[in-house]
Amino acid sequence: MVSDSVLESGNLSGRNTLGLTAHADRVVAITHATQLEQALTDARPFGPITVLGGGSNVVMHPVQRGTVLLMDIRGRTLRADDGGRVVLRVGAGENWHELVLWCHHHGLHGLANLALIPGSVGAAPIQNIGAYGVEIAQRIRAVHVIHRETLATNVLAPEACQFRYRDSCFKHEEGAQWIITAVDLQLDRAAPVCLEYPALKERLQSADPTHDAVLAGVMSLRQEKLPDPVVTPNVGSFFKNPVLTQEEGDVLRERVSDVPLFPGPGGRIKVSAAWLIDRLAWRGVEKQGVKVSEAHALVLVGCGAQTAGPWLSLAADIVASVEGAFGLTLEMEPRVLGLPEVVAS
Ligand code: EPU
């Protein structure tokens, strides 16, 4: 018998923001954490299990073998409230930006700088989403998970998640065994606004801006530079900014005197990947239906490509070009899922 949550169509084209043609053997919608134990057990005989949130940070090949679990677990519950600080438990399937707006309207501060980031709450800790001087890691109190193999549930403290720049344990072998079902966020009615990011500070006219002004400023900055994935296929930044040691930064600066270097995590140096790509005149270049955005050189946008191939091919060309010119290897930000189409011989 087919369970109610096994969807009849395995078509995932509407479930990835690049709008790529992709088909899975089985697709199962998960709307409650308690379904997962059974769903994982049922999926075993069918091969690999892929977990999908909003599909906003993936490049999907056409063939997805095995089972794709669509994480649609909803819910926002107040777990603690001392009148100032609040712990909010949020289901992995909640939309990130809707959550940011909801918190803002309820006077629960700390997330405004992360407005308009596409994707789901459950995907946010995986790549430790960050923008305009804030990373989600600063607001995470705990991550609720279930283990794919043992089916054990666990509540991971922030230290166990090993958050780094666009990275966490969930991207690496052991941590990738955990499936995120909910996230506990620490919010604060009295949190000060965060204006560390120079472009945001510049945008805000007042020396003492309100949370409303910061939210509006972040949203306007993003809307100018980053295309709306509902209108234009994209995954935001396609590459991470390389992080270098002080010494490596000095060597690069000697080679390229005007390269912008920023303070990075752990006293290291962050290089603007957008600038490197821009310097090599990639902005606006189009190949096989994928283009380097005119508005931001770190963003690739779709203009007709239906499959993953052209995205990965343009990305590989950019990586090779940056490596050749600057000796730096750019790392892709989105995850690549599935297998290229099997060509019949
Ligand atoms: N720049 C260029 N050419 C461009 C765009 C930018 O030379 O076409 C240079 C400028 O010097 C600019 C610098 O790059 O000052 C930094 O640009 P921006 O402020 O847009 O930040 P970013 O480092 O390119 C990162 C995140 C974004 C996030 C912004 C704002 C990564 C990989 N990307 O971009 O995150 O919104 O900072 O905080 O860290 C995402 O991850 O999908 C994403 C959009």
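Here are legends for a few close-up views of this predicted model.

**View A. Four acidic residues make a negative patch on the surface.** The patch is built from Glu247, Glu248, Asp250 and Glu254. Take Glu254 as a way in: this residue sits in helix H6, which covers residues 246-255. With a relative accessible area of 73%, Glu254 counts as exposed, because the cut-off for that word is over 50%.

**View B. Phe238 and Trp311 stack their rings.** The structure has four aromatic pairs, and here is one of them: the ring centres of Phe238 and Trp311 are 6.2 Å apart, with 15° between the planes. The pair ties together distant parts of the chain, 73 residues apart. Phe238 comes from the loop between helix H5 (211-225) and strand E13 (243-244), while Trp311 belongs to helix H8 (residues 308-326). Phe238 is buried, at a relative accessible area of 0%, and Trp311 is buried too, with a value of 0%.

**View C. Trp275 and Phe326 form a tilted pair.** Their rings lie 6.5 Å from centre to centre, and the planes make an angle of 45°. This is another link between distant parts of the chain: Trp275 is in helix H7 (residues 273-279) and Phe326 is in helix H8, 51 residues apart. Are these two residues buried or exposed? Both Trp275 and Phe326 are buried.

**View D. Phe239 joins Phe238 and Trp311 in a cluster.** Back to the rings of View B: together with Phe239, Phe238 and Trp311 make up one aromatic cluster.

Note on methods: Residues are numbered from 1 along each chain as its sequence is written. This is a predicted model: local features need pLDDT of at least 70, side-chain atom pairs count only at pLDDT 80 or more; totals for chains, interfaces and linings use all residues. Side-chain values use heavy atoms; hydrogens and water are left out. Patches are made of residues with over 30% relative accessible area and no salt bridge: like charges are joined within 9 Å, nonpolar side chains (Val, Leu, Ile, Met, Phe, Trp, Tyr) within 5 Å. Accessible areas come from the Shrake-Rupley method with a 1.4 Å probe; for residues, only the protein chains shown count as cover. A salt bridge is a side-chain nitrogen of Lys or Arg within 4 Å of a carboxyl oxygen of Asp or Glu. Lys and Arg count as positive and Asp and Glu as negative; His and the chain ends are not counted. The place of a charge is taken as NZ of Lys, CZ of Arg, CG of Asp or CD of Glu. Helices (H or I, at least four residues) and strands (E, at least two) are DSSP runs, numbered from the N terminus. Buried means under 20% relative accessible area, exposed over 50%, partly exposed in between (1.4 Å probe, protein chains only). Rings of Phe, Tyr and Trp (its six-membered ring) pair if their centres lie within 6.5 Å; planes under 30 degrees apart count as stacked, over 60 as edge-to-face and the rest as tilted.
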